[in-house]
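Biologist: Put the model on screen for me, please, and then let's go through it.

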Amino acid sequence: MYGAVNRPPGRIRGAAPSELRLRREKRRTWTLGALAAAMLLTSALPAHAATQARPAAAAQSTAARDPECVQPGNARLNPRFYWRNVFGTRLGEGVIHESATPNPFGGRIAPGSTFTFRWRPETTRNPVGAQYHDHRVNLASVMAVATVESVSGPGTLSGTTLSARETPPGKLGDTVVRFRIRPGTEGRTATLSSADHSLTTRWLFADINNIWENTGSISFTVASRAALGCESSSIIG
């Protein structure tokens, strides 16, 4: 009886450390599991990032395999326009500045190659009373063989029509369109003509028509890289 009550204190204290060890082992097991899960998650991230990077790397690889291939021409259109009254007197005039770099018009260009088209309408003499001019150019023929990669400047591309409003005496800056020739278009021709251009002038409370001073067209042909002889070169001239 006395032995049961007066149990040696060492045995009572000995039970607590075993419980502490059990708890510590459970904590250690949980911690190791958490670390293992974190390591697995971390090792998975680079693989995911690599998967995301593959399309960009593939695009760069394609670009490296297909460098620019252009046989530039020197054809330019730059349509001029004017207004006149019923007596034949000129009331005003202007010009559409157009250029391409490198210039495929009058030359040839291979699929995958790019060129930049610059467009800037300019009224050099505004008819008295004219409020604004809406300029347009239809790029349907070019867009039939090329994809538009970017458009910048005051102009707006809607469908195949590039347009801009000129409000004299203010002047328009360049609208810049970057094209890339589509694969599978070898042998096709793209044309830009004065007939693709149109102009609406607001005069007082009505619209008046202009007259195009020069008419004509320019074009380029899409050719294979082998035909242009630039399998590993860029621009040939």
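Biologist: Which residue is the bridge partner of Q71 in β4?

Modeller: R108 is the partner of Q71. β1 and β4, the latter covering residues 108-109, pair antiparallel over two bridges. Strands here are DSSP runs of E with at least two residues, helices are runs of H or I with at least four, both numbered from the N terminus, and two strands pair if DSSP finds at least two bridges between them. Keep in mind that this is a predicted model, with residues numbered from 1 along each chain as its sequence is written. Local features need pLDDT of at least 70 and side-chain atom pairs 80 or more, totals for chains, interfaces and linings use all residues, and side-chain values use heavy atoms, leaving out hydrogens and water.

Biologist: In what order do the four strands of the open sheet come?

Modeller: β1-β4-β15-β11, with mixed pairing. β1 (70-71) and β11 (189-193) are the edge strands with a single partner each, so each has one side without a neighbour in the sheet.

Biologist: And how many helices and strands does the protein have?

Modeller: Four helices and 15 strands. Of the 237 residues, 29% are buried, where buried means under 20% relative accessible area, exposed over 50% and partly exposed in between, with a 1.4 Å probe and protein chains only. As for contacts (heavy atoms within 4.5 Å), 75% of those between residues at least 6 apart in sequence join residues at least 24 apart.

Biologist: Switching to β10: why is it largely enclosed by the rest of the structure?

Modeller: β10 spans residues 175-181, and five of its seven residues are buried, so the rest of the structure largely encloses it. β5 (residues 114-125) pairs with β10 antiparallel over six bridges. β7 (residues 146-152) is also antiparallel to β10, again with six bridges.

Biologist: Which residue of β10 stands opposite T116?

Modeller: R178. R178 is also the bridge partner of S150.

Biologist: How many cavities of 30 Å³ or more are there?

Modeller: One, with about 60 Å³ of space in it. On a 1 Å grid over the protein atoms alone, a cavity is a set of points where a 1.4 Å probe fits but cannot get out, a pocket is an open set with protein on both sides within 12 Å along at least five of seven lines, and lining residues have an atom within 4 Å of a point. Points are joined across faces, edges and corners, and the volume is the space filled by probe spheres set on them.

Biologist: What lines the largest cavity?

Modeller: Among the lining residues are A75, R76, L77, F105, F117, L192 and I218. β3 (residues 90-101) gives the most, with three residues. By class the lining has seven nonpolar, two polar and two charged residues; Ala, Val, Leu, Ile, Met, Phe, Trp, Tyr, Cys and Pro count as nonpolar, Asp, Glu, Lys and Arg as charged, the others, Gly among them, as polar.

Biologist: What does β3 pair with?

Modeller: β2 (residues 80-84), antiparallel over five bridges. F81 faces G94 across that pairing. The two strands make a hairpin with five residues between them, and G88 in the turn has a positive phi of about 90 degrees. β2 also pairs antiparallel with β14 (residues 211-212) over two bridges, where F81 stands opposite W212.

Biologist: New topic: what volume does the second largest pocket have?

Modeller: About 160 Å³. Its lining includes W83, L91, P127, W203 and N209, and the class split is six nonpolar, three polar and one charged.

Biologist: P127, then: buried or exposed?

Modeller: Buried, at 2% relative accessible area. P127 is in the loop between β5 and β6 (130-138). Leaving out residues up to four places away in sequence, P127 touches W83, L91, G92 and H133.

Biologist: Where are the cis peptide bonds?

Modeller: One runs from T101 to P102, with omega near -20 degrees, and P102 is in the loop between β3 and β4. Another joins P168 and P169, omega about 5 degrees. Those are worth a look because most peptide bonds are trans, just as most residues other than glycine have a negative phi.

Biologist: What phi does N78 have?

Modeller: A positive one, about 45 degrees, although N78 is not a glycine. N78 is partly exposed at 26% relative accessible area. L204 has a positive phi too, about 55 degrees, and lies in the loop between β12 (197-203) and β13 (206-208).
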